[in-house]
Amino acid sequence: MQNKRLGAVLLQKYLFMVRIEISRVEGDFGFEAKDAYGHTARMDSSRETGGQDFGIRPMQMLLMGLGGCSGIDIVSILKKQRQTVEDFRMIIDGNREKGKDPTLWEKVHLIFELKGNIDPDKAKKACELSMEKYCSVAATLRKAHCHITWEVKVNPHSSN
C-alpha cells in the first residue's frame, strides 16, 4: 500500500511540474520562451528601457495569461450548460503600482464579450466562477493584492 501511495505522490509531483526554457535571441533583452510542447512566445523590453520591441512585455504577458485562463474556464462552463459560444473577445486593462519596485499589477479590469445563443445569466455566472474560483492566474494576481473587476456583455452591438 505504501508503494502505491508513494507512486501517486510522485505522479502528482510530475503532473504539476512545468518546465519553460527561455533563451536570449535578439539584442540585450529579446527573449524567447518555449514550453515542453514547443510553443513559443517572444518577450522584450521597450525601446525606452533599452529593448528593441521584439516581443511582449513580460508583465503584459501575465495579463494575457489571465485572459487565456479565464477564457478556457468560461467556454468550458458554458459548453457544459449547452450554450453556443460563436465568438468570444476580451478586453483587459491594467494599472501598475507607481513609484515602487517591483511594480505589481494594482488594478485589472476585464470586459468579456460573448456572442452566440447564450443565456446572459449563465454567462455572468460562468465568468464569476472563473474569476472567483477556477482561474489560477486570477488567484495568483489576487494573492499579490491586485484588485480584479470584470463585466460581461452578451451579444453586444458593434459600435465601431
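Between two directions, an angle under 35 degrees counts as roughly parallel, one over 145 as roughly antiparallel, one from 65 to 115 as roughly perpendicular, and the rest as oblique. Keep that scale in mind while we walk through this predicted model.

**Two helices that meet**

Let us start with helix H2 (residues 58-80) and helix H4 (residues 136-143), whose axes come within 7 Å and cross at roughly 135 degrees. H2 and H4 are therefore oblique to each other. On the H2 side, the contact is made by Leu 62, Gly 65, Leu 66 and Cys 69, which meet Ser 136, Val 137, Ala 138 and Leu 141 in H4. Sorted by character, the residues of this contact are six nonpolar, two polar and no charged.

**Two open sheets**

The model has an open sheet of three strands in the order S1-S2-S3, with antiparallel pairing. Its edge strands, S1 (20-26) and S3 (40-43), each pair on one side only. Neighbouring strands here are turned by 25 degrees against each other on average, direction ignored.

Another open sheet, also built from three strands, follows the order S4-S5-S6, and its pairing is mixed. At its edges lie S4 (84-96) and S6 (147-154), each paired on one side only. From one strand to the next, the twist averages 15 degrees. H2 packs on this sheet, touching S4 and S5, and the direction of H2 makes about 35 degrees with that of S5.

Here are two of the antiparallel strand pairs, with an example of bridge partners from each:

| Strand pair | Bridges | Bridge partners |
|---|---|---|
| S1 and S2 (residues 30-35) | Six bridges | Arg 24 and Phe 31 |
| S4 and S5 (residues 105-117) | Twelve bridges | Ile 92 and Leu 110 |

**The nonpolar core**

In soluble globular proteins, nonpolar side chains tend to be buried together. In this model, the largest nonpolar core has 23 residues, and those with the most contacts inside it are Leu 66, Val 108, Phe 112, Leu 114 and Ile 148. At least two residues each come from H2, S5, helix H3 (120-134), H4 and S6. H2 gives the most, with six residues.

Two of those well-connected residues deserve a second look. Leu 66 is also one of the H2 residues that meet H4. Val 108, leaving aside its neighbours within four places in sequence, is in contact with Leu 63, Leu 66, Ile 92, Asp 93, Gly 94, Cys 146, His 147, Ile 148 and Thr 149. Among these partners, Leu 66 and Ile 148 are themselves listed with the most contacts inside the core.

Methods
Residues are numbered from 1 along each chain as its sequence is written. This is a predicted model: local features need pLDDT of at least 70, side-chain atom pairs count only at pLDDT 80 or more; totals for chains, interfaces and linings use all residues. Side-chain values use heavy atoms; hydrogens and water are left out. Two strands pair if DSSP finds at least two bridges between them. Helices (H or I, at least four residues) and strands (E, at least two) are DSSP runs, numbered from the N terminus. Axes are lines fitted to C-alpha atoms, for helices over the stretch in contact, and angles run from 0 to 180 degrees between N-to-C directions. Contact means heavy atoms within 4.5 Å. Ala, Val, Leu, Ile, Met, Phe, Trp, Tyr, Cys and Pro count as nonpolar, Asp, Glu, Lys and Arg as charged, and the others, Gly among them, as polar. A nonpolar core is a set of buried Ala, Val, Leu, Ile, Met, Phe, Trp, Tyr and Cys residues joined through side-chain atoms within 4.5 Å. Buried means under 20% relative accessible area, exposed over 50%, partly exposed in between (1.4 Å probe, protein chains only).
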